[in-house]
Amino acid sequence: GEIVAPRSYTTAYTRLEKVQPGPFDAIPGLITAVPLDICRDYYGVALDEDERQTFAYAAIELSGHLFGAPPIEPTPAGREDDAGAYLRAIVDRSIDRELAAPSGSGTIIARLARRPGCDKPTIRSILIGMIVGFVPTNTMAGGHILEMLLRKRPMLNAARFAAESGDDDRLRHCLFEALRYMPINLGPFRICSRDYTVAPETPRAAKLRKDTKVLAMTSSAMFDSRHVLQPFRFDPARPASNHMHFGFGMHWCAGVMVARAQITQTFKALLVARDKVERAPGRRGKLALWGLFPDHLHIA
């Protein structure tokens, strides 16, 4: 957070200051752009300007393959292999540059390269994992948050007040409370390892056979009135246990601190830099998707 937060705010604010008057496509221009800048400036990925969008799409393709809904039938390898090859080529190029001429910098690649026993395949694995778990997920989360802020004026007003007050904690709570209404996914897909009865000795008991495919709907759990007080009320003061964006226990997201810092500071810059944020008129003001991921959303 101490590294990612200031970088995210500065990067986002600088980008917004360069925006020309008129509708602005906030997904590639801000929501995805800041994570890509973090990959370049903090991770140490040697990412050229003309590679950025293809790099983002490749990471999104891999994210959808790894974390999306499982196919009903096995599918032949295709786009995910091409996406993987594209990411590997750029990451390998970045590692090779660092190994050939050590920069002594504080980037992730430079720090790993200095670590005894950390070879190129290990560095590559760590970097690709960090990229695929960061750029697509934060694009989806940031795009969904922006969509909800534009839909619900009270959410936008609450977030703006927190941003202008310099209350980063309050702003973070506002943003991720908004995300509860449009989460990044329905929940994780799993396969039963043995026969199991859900909610035994209750009227809703259900028997699941071994190898049954199931969906643990964390999106529904965040609106369960048995555990969430007034679940359909926007409440930035909710306890953290009401949010399941980052998993729980052994499934807790390893990148949670980076994700929170980047998203919070990106929206802080947007809300501080612009006196008014609203949808652009017409079709451009509607959220457009690339697969399941936000791709375009113009704001005025």
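**Salt bridges, core and surface of the predicted model**

The count of salt bridges comes to 21. The structure is a predicted model, and every value below was computed from it. Side chains of opposite charge can pair when their charged atoms come close. A network of such bridges links Arg15, Asp37, Arg40, Asp41, Glu49 and Arg52.

Two pairs show how the members of this network are placed. Arginine 40 forms a salt bridge with aspartate 41, and the closest N and O atoms of the pair are 2.7 Å apart. Arginine 40 has a relative accessibility of 31% and therefore counts as partly exposed. Aspartate 41, at 30%, also counts as partly exposed. A salt bridge also joins arginine 52 to glutamate 49, where the closest N and O atoms are 3.9 Å apart. This distance falls within the 4 Å cut-off for a salt bridge. Arginine 52 counts as buried because its relative accessibility is 8%, under the limit of 20%. Its partner, glutamate 49, counts as exposed at 59% relative accessibility.

A further salt bridge is made by the side chains of glutamate 61 and arginine 79, at 3.6 Å from N to O. Glutamate 61 belongs to helix α4 (residues 52-67) and arginine 79 to helix α5 (residues 79-100), so the pair ties together parts that are 18 residues apart in sequence. Glutamate 61 is buried, with a relative accessible area of 14%. Arginine 79, by contrast, counts as exposed, at 59% relative accessibility.

The interior was examined next. The largest nonpolar core has 70 residues, and those that touch the most other members are Tyr43, Val45, Leu127, Ile131, Leu149, Leu175 and Phe267. Helix α12 supplies the largest share of this core, with nine residues. For leucine 127, residues up to four places away in sequence were not counted; beyond these, leucine 127 touches Tyr43, Val45, Val91, Ile108, Ile109 and Leu112.

Helix α12 spans residues 256-273 and also contains arginine 260. Arginine 260 counts as partly exposed, with a relative accessibility of 22%. Apart from neighbours within four places in sequence, the contacts of arginine 260 are Arg172, Phe176, Phe246 and Trp252. The C-alpha atoms of arginine 260 and alanine 5 lie 8.7 Å apart, although 255 residues separate the two in sequence.

The loop between α12 and β6 (288-290) holds glycine 285. Glycine 285 is buried, with a relative accessible area of 2%. When neighbours within four places in sequence are left aside, glycine 285 is in contact with Arg279, Ala280, Leu297 and His298. Glycine 285 and phenylalanine 24 are 261 residues apart in sequence, while their C-alpha atoms are 9.6 Å apart in space.

Cysteine residues were also considered. Zero disulfides are found in a search of the whole structure. For cysteine 118, which is in no disulfide, the nearest cysteine sulfur is that of cysteine 39, 18 Å away. A disulfide requires the two sulfur atoms to be within 2.5 Å, so this separation does not qualify. Cysteine 118 counts as buried, with a relative accessibility of 15%. Cysteine 192 is buried as well, with a relative accessible area of 12%.

Most residues other than glycine have a negative phi. Alanine 199 has a positive phi, near 50°. This alanine is found in the loop between β3 (196-198) and β4 (206-208). Glutamate 201, also not a glycine, has a positive phi of about 60°. Glutamate 201 likewise lies in the loop between β3 and β4. At 84% relative accessibility, glutamate 201 counts as exposed.

On the surface, Leu186, Phe189, Leu215 and Met217 make a nonpolar patch of about 340 Å². Leucine 215, one of the residues of this patch, lies in strand β5, which covers residues 213-215. Leucine 215 is partly exposed, with a relative accessible area of 30%.

Notes:
Residues numbered from 1 in each chain as written. Predicted model: local features only at pLDDT ≥ 70, side-chain atom pairs only at ≥ 80, totals over all residues. Heavy atoms only, no water. Patch = residues over 30% accessible without salt bridge, like charges linked within 9 Å, V, L, I, M, F, W, Y side chains within 5 Å. Areas by Shrake-Rupley, 256 points an atom, 1.4 Å probe, with all protein chains shown as cover. Helix = DSSP H or I, 4+ residues; strand = E, 2+ residues; numbered from the N terminus. Buried < 20%, exposed > 50% of the residue type's maximum accessible area, 1.4 Å probe, protein only. Contact = heavy atoms within 4.5 Å. Core = buried A, V, L, I, M, F, W, Y, C linked by side-chain atoms within 4.5 Å.
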